[in-house]
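Student: Could we test a few labels against their cut-offs, one by one?
Tutor: Gladly, let's look together.

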Amino acid sequence: MSELSKRIAVYPGSFDPIHNGHLDIIERCRPLFDELLVAVLYNEEKKPMFSVDERVETIRELVGGRVESFSGLLVDFMDRVGARVVVRGLRAVSDFEYEFQMALMNRRLNPRVETVYMMPKEDYIYVSSRLVKEVHFLGGDVTGLVPDRVLERLRARPRP
Ligand SMILES: Nc1ncnc2c1ncn2[C@@H]1O[C@H](COP(=O)(O)OP(=O)(O)O)[C@@H](O)[C@H]1O
Ligand SMILES: [Mg+2]
């Protein structure tokens, strides 16, 4: 199949760190596209715990496939890689308003881009990177919510 006719989907996010909810979305949408590209947003304003390089490396170890970082507008990145589909995960109503705004803004910026939403397994509906970090650094056990590789990385990190 030529690069041009390939259906490439981009799953963008901060992934700081990647958790089992993210991995569930990745597994669900992989069979739906010719290629799934996980795109790690370079955004220092969010004061990330893990560097972009660390996040990219971790995701590569866990899911293989194409993992890249990007900064700037997602729709520009989409054009650069020849992708038309954005995949996002929807947890609960709380995600809806922001996601709805982003999808419509991205469509306005680049009408070729469509956003599709995937629902995770019920077990992960409440999981977020922020909560995982908060619970872990307060001494709570996040086993089962993040892959072991991420747990090791969290344990190796001093408490912020
Ligand atoms: N537990 C979860 N289940 C399903 N989707 C999720 C979950 N946590 C996050 N997501 C989705 O994964 C994507 C990336 O999330 P995140 O890493 O928080 O990046 P962002 O900074 O773009 O919110 C978003 O579409 C988010 O809604
Ligand atoms: Mg988020």
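Student: What makes the pair between the side chain of Ser 14 and ligand 1 a polar contact?
Tutor: A polar contact with a ligand is a pair of N or O atoms within 3.5 Å. In this predicted model, an N or O atom in the Ser 14 side chain is 2.5 Å from an oxygen atom of ligand 1, so the pair qualifies. A polar side-chain atom of Lys 46 also passes, at 2.6 Å from a ligand oxygen, and so does a polar backbone atom of Gly 89, at 2.7 Å.

Student: How much of ligand 1 does the protein cover?
Tutor: The protein covers 91% of the 550 Å² of accessible area that the ligand has on its own (Shrake-Rupley, 1.4 Å probe).

Student: Why do residues count as surrounding ligand 1?
Tutor: Each needs a heavy atom within 4 Å of the ligand. That gives 18 residues, with Tyr 11 and Tyr 124 among the closest. They divide into seven nonpolar, six polar (Gly is counted here) and five charged.

Student: Which elements give two or more residues to this shell?
Tutor: Strands β1 (8–13) and β4 (85–89) and helices α1 (20–29) and α4 (93–109) do; helices are DSSP runs of H or I with at least four residues, strands runs of E with at least two.

Student: What makes Glu 35 and Arg 66 a salt bridge?
Tutor: The rule asks for a Lys or Arg side-chain nitrogen within 4 Å of an Asp or Glu carboxyl oxygen. Here the N to O distance is 3.5 Å, so the label holds. Glu 35 is in strand β2 (residues 35–41) and Arg 66 in strand β3 (residues 66–70), so the pair ties together parts 31 residues apart in sequence. By this rule there are 17 salt bridges.

Student: Why is the bond from Asp 16 to Pro 17 called cis?
Tutor: Its omega is near 0°. Pro 17 sits in the loop between β1 and α1.

Student: How were residues numbered and atoms chosen?
Tutor: Residues are numbered from 1 along each chain as written, with chains lettered from A and ligands numbered from 1 in written order. Local features need pLDDT of at least 70 and side-chain atom pairs 80 or more, while totals for chains, interfaces and linings use all residues, and side-chain values use heavy atoms without hydrogens or water.

Notes
Polar contact = N/O pair within 3.5 Å; in protein donor to acceptor, adjacent residues only side chain to side chain.
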